[in-house]
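Me: I'm new to reading protein structures and would like a close look at a single part. Could you take me through one helix, step by step?

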Amino acid sequence: MMDQPLASRIGPTPLLDAAQLNADIEATARFGGTGNGGVSRLTLTPEDKAVRDWFVARASELGCSVTIDPIGNLFASYPGRNAALPAIMTGSHLDTQPGGGRYDGILGVLAGFAALRALKSSGLVTEHPLTVVNWTNEEGSRFSPAMFGSGVHAGAIALDEALAIRDQSGVSVGQALDSIGYRGSRSHTENPAAYVELHIEQGPVLEAEGIAIGAVTGVQGLRWFDVEIKGTESHAGSTPMANRRDALTAAARLILDVEAIGRAHAPGVLTVGRAGVFPNSRNVVPGRVSLQIDMRHPGKAGLEAMETALRQAVAGQTDSRIERIWAKKPVAFDPACIDAVRQAAADCGLSCRDIASGAGHDAAHLATLAPTAMIFIPSRDGLSHNEREYSSPRQCADGAEVLLRTLLKLDRRLA
Ligand code: HGY
Ligand code: MN
Ligand code: MN
């Protein structure tokens, strides 16, 4: 069913300024923008500082008070009628992958601002205060694990532990926060009345089915592993093939095992996303290889089976070791919040289907604190974590409009 044009669908709730939302998407894409339309904005870098400064300026223009917590999470608080009520929270993340796109995370933050702008211009006042959040380090590319901004906020990782994490060049999170001036002093302790996050699907389902909105039911479980394989560095010219202990060829065999384990445990997925070779010199037989592995599965039993198979595969390589550095259980979102998303989509005349998230999100941490749900819009070709990531201005505006109406529904229900 083709959805009706946006303008004809507006009911009693204020109209969302789609043009401004999409202008904001273009504006933020300039911070760390690459030549090919993507964005490279690793957390706590100068590019991240620039977009954070932009966030603070826009939030202040909207009449929000902005607080920064000790891990750099940004909270833009917008007043409601009753300051005694806990805020209804929305938001996402402004950091990107090294070869990322301009929508992953960013859409959720900008749609939060668009919702506040619609309230402000319509004069509509919610009962609850509203808060728009930018969570630090959702991506986990520069600092592992991912999502530790929302993780510290939810108590899933201790602040001191997160501040001590170092990137590949040895810079700690604390040093990086200080270098961009975004280490806050006061934790944001209030639990929200509810949390709703708009995000691109980052997968192929909505586009393949021609569905405009995903009412996200939950997030699959996730485990991260570091693997090290040792060999013996030796001269590439004078070491006969039979005498070698080549760590890179051993790693290559393991990488193929990883792919086979992933395929054998579908719908689970298993990826070697990063490899390091030492000494990484053309004429030296590699003596050591490090592999960073990402494991996902919707069910606990699936994760257990995949981890057992992975550990067996690593054990099959001489002189190797594996360490699990992060684990997040599968998360189910709140049925009433999910239903508010479905109804908001229906109010907008948009097609909607329930969908589980393959990607991880800050909402998975927030779900341990408050009733939580997410809203997805389609991703072209199902692509994300790729510079060609794309959702149309109409899809972005539709998602933000559903977010706005979901927030209003929850405001009325929870007041
Ligand atoms: O890894 C994830 O699922 C998220 O995109 N950072
Ligand atoms: Mn994301
Ligand atoms: Mn991402």
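Reply: Here is a walk along one helix, followed by a brief stop at a residue in another. Keep in mind that this is a predicted model.

Let's take helix α8, which covers residues 247-264. Its 18 residues reach 26 Å from the first C-alpha to the last, close to the 26 Å expected at 1.5 Å a residue. At the start of α8, look for Asp 246: one of its side-chain oxygens comes to within 2.8 Å of the backbone nitrogen of Leu 248.

Now, which residues of α8 are buried? They are Ala 247, Ala 250, Ala 251, Leu 254, Val 258, Ile 261 and Gly 262. Viewed down the helix axis, these buried residues fall within an arc of 120°, so they line one face of α8. A general rule helps here: an α-helix has 3.6 residues a turn, so residues three or four places apart point the same way.

What covers that buried set? The cover includes the strands β7 (221-230), β9 (269-278) and β11 (288-297), along with helix α9 (300-315). Turn to the other side of α8 and you will find Leu 256, Arg 263 and Ala 264, which are exposed.

For the brief stop, go to Asp 24 in helix α1 (residues 18-28). Asp 24 is buried, because its relative accessible area is 3%, and buried means under 20%. Its side chain makes a polar contact of 2.8 Å with the side chain of Gln 20. Leaving aside residues up to four places away in sequence, Asp 24 touches Trp 54, Leu 110 and Arg 117.

Key
Residues numbered from 1 in each chain as written. Chains lettered and ligands numbered in written order. Predicted model: local features only at pLDDT ≥ 70, side-chain atom pairs only at ≥ 80, totals over all residues. Heavy atoms only, no water. Helix = DSSP H or I, 4+ residues; strand = E, 2+ residues; numbered from the N terminus. Buried < 20%, exposed > 50% of the residue type's maximum accessible area, 1.4 Å probe, protein only. Polar contact = N/O pair within 3.5 Å; in protein donor to acceptor, adjacent residues only side chain to side chain. Contact = heavy atoms within 4.5 Å. Expected span 1.5 Å × (residues − 1). Arc of directions from axis to C-beta.
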